[in-house]
Amino acid sequence: MTLTEKEKMIAGQRYVNNDPELAKDRRRTWKLVNEFNDTMKTDPDAGSDIIKKIFKRTGKKVDIQAPFQCDYGYSIEVGENFFANYGCTFIDVGKIKFGDNCLLGPNVQIYTVDHAFDVAERNRGVEIPGPVTIGDNVWAGGSAIITPGVTLGNNVIIAAGAVVTKSFGDNVLIGGNPARIIKKLK
């Protein structure tokens, strides 16, 4: 059985990003995201209801400040008591999963896709998903960037401006570019 490009993407396999089905999904999500961003100006409670339509799963309490951007939404899961400040961007080609009690500062960016290294493949639109998994009680400072394939444990603090290119376990403060352990937390 041959998989569609969407099925390949969801399965974490190489896929072609200019597929019509995926383009349709992105347009649908962009409309909802634009509706969310506009609604947040006047009715934050209604904005949270829109996010619950966009994301695959949320906890009861999800608080995202506008503007917010994502590609698909159906690859994003957030736990209970989730907060994302102004300007966060989730490139959610691969899965993005947050545990409970996660806080994101302004302009945090999460990327779950790499373009093909081979020029011919890249020009054809081939991309490679890389999921991002974030544990419970994680706080990401403003303008932190998390790249494809990263897993973070519980009780992690990411310093503002950090570029997280590899995975880290529990109870650490990480920072820098590329991020490294600055100190162990109790």
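## Exercises on a predicted model

Lys97 is partly exposed, with a relative accessible area of 40%. The exercises below concern a predicted model.

### Exercise 1. The setting of Lys97

Determine which element holds Lys97 and which residues beyond its sequence neighbours Lys97 contacts.

Solution.

Step 1. Lys97 belongs to strand β7, which covers residues 96-98.

Step 2. The relative accessible area of Lys97 is 40%. Because buried means under 20% and exposed means over 50%, this value falls in between, and Lys97 is classed as partly exposed.

Step 3. Neighbours within four places in sequence are set aside; the contacts of Lys97 are then Arg57, Glu77, Val132, Thr133 and Ile134.

Step 4. For a view across the fold, take Val156, which is 59 residues from Lys97 in sequence. The C-alpha atoms of Lys97 and Val156 lie 15 Å apart.

### Exercise 2. The parallel sheet

State the order of the strands in the open sheet of four strands, and identify its edge strands.

Solution.

Step 1. The order is β4-β7-β12-β15, and the pairing is parallel.

Step 2. β4 and β15 (151-152) are the edge strands, as each of them pairs on one side only.

Step 3. Consider the pairing of β15 with strand β12, residues 132-134: these strands run parallel and are joined by two bridges. Within this pairing, Thr133 is opposite Thr151 of β15.

### Exercise 3. The antiparallel sheet

Work out which strands stand at the edges of the open sheet of three strands, and trace the residue pairs that involve β11.

Solution.

Step 1. In this sheet the strands follow the order β1-β11-β10 and pair in the antiparallel sense.

Step 2. β1 (15-16) and β10 (113-115) each have a single partner strand, so one side of each has no neighbour in the sheet; these are the edges.

Step 3. Two bridges connect β1 with strand β11, residues 126-129, in the antiparallel sense. Val16 has Val126 as its bridge partner in β11, while Tyr15 has Glu127.

Step 4. On the pairing with β10, three bridges join that strand to β11, again antiparallel. His115 is opposite Glu127 of β11.

### Exercise 4. The two sides of helix α3

Find the buried residues of helix α3, residues 44-54, and explain why they lie on the same side of α3.

Solution.

Step 1. Gly47, Ser48, Ile50, Ile51 and Ile54 are the buried residues of α3.

Step 2. Because these residues cover an arc of only 160° around the axis, they are placed on the same side of α3.

Step 3. A general rule helps here: an α-helix has 3.6 residues a turn, so residues three or four places apart point the same way.

Step 4. The other side of α3 carries the exposed residues Asp45 and Lys53.

Step 5. The packing partners of the buried residues of α3 are α2 (20-39), β2 (62-64) and β3 (69-70).

### Exercise 5. A hairpin and its further partner

Describe how strands β18 and β19 pair, and name the residue in the turn that has a positive phi.

Solution.

Step 1. Strand β18 (residues 172-175) pairs with strand β19 (residues 180-184) over four bridges, in the antiparallel sense. Val172 is opposite Lys184 of β19.

Step 2. The two strands β18 and β19 form a hairpin, with four residues between them. Gly176, in the turn, has a positive phi of about 100°.

Step 3. β18 also pairs with strand β16 (residues 157-158), here in the parallel sense and over two bridges. In that pairing, Ile157 is opposite Leu173 of β18.

### Exercise 6. The largest pocket

Give the volume of the largest pocket and describe its lining.

Solution.

Step 1. The largest pocket holds about 160 Å³ of space.

Step 2. Its lining consists of 15 residues, of which Met9, Ile10, Ser75, Gly94 and Lys95 are the closest to the centre.

Step 3. At least two residues of the lining come from α1 (5-10), and at least two from β4 (76-77).

Step 4. By character, the lining divides into eight nonpolar, four polar and three charged residues.

### Exercise 7. The place of Val119

Decide whether Val119 is buried, partly exposed or exposed.

Solution.

Step 1. Val119 is found in helix α4, residues 119-124.

Step 2. The relative accessible area of Val119 is 47%, so Val119 is partly exposed.

Step 3. Gln69 is 50 residues from Val119 along the chain, and their C-alpha atoms are separated by 28 Å.

Notes:
Residues numbered from 1 in each chain as written. Predicted model: local features only at pLDDT ≥ 70, side-chain atom pairs only at ≥ 80, totals over all residues. Heavy atoms only, no water. 1 Å grid on protein atoms, 1.4 Å probe; cavity = no way out; pocket = protein on both sides within 12 Å on 5 of 7 lines; lining within 4 Å. Points joined across faces, edges and corners; volume = space filled by probe spheres on them. Nonpolar A, V, L, I, M, F, W, Y, C, P; charged D, E, K, R; others polar. Pairing = 2+ DSSP bridges. Buried < 20%, exposed > 50% of the residue type's maximum accessible area, 1.4 Å probe, protein only. Arc of directions from axis to C-beta. Contact = heavy atoms within 4.5 Å.
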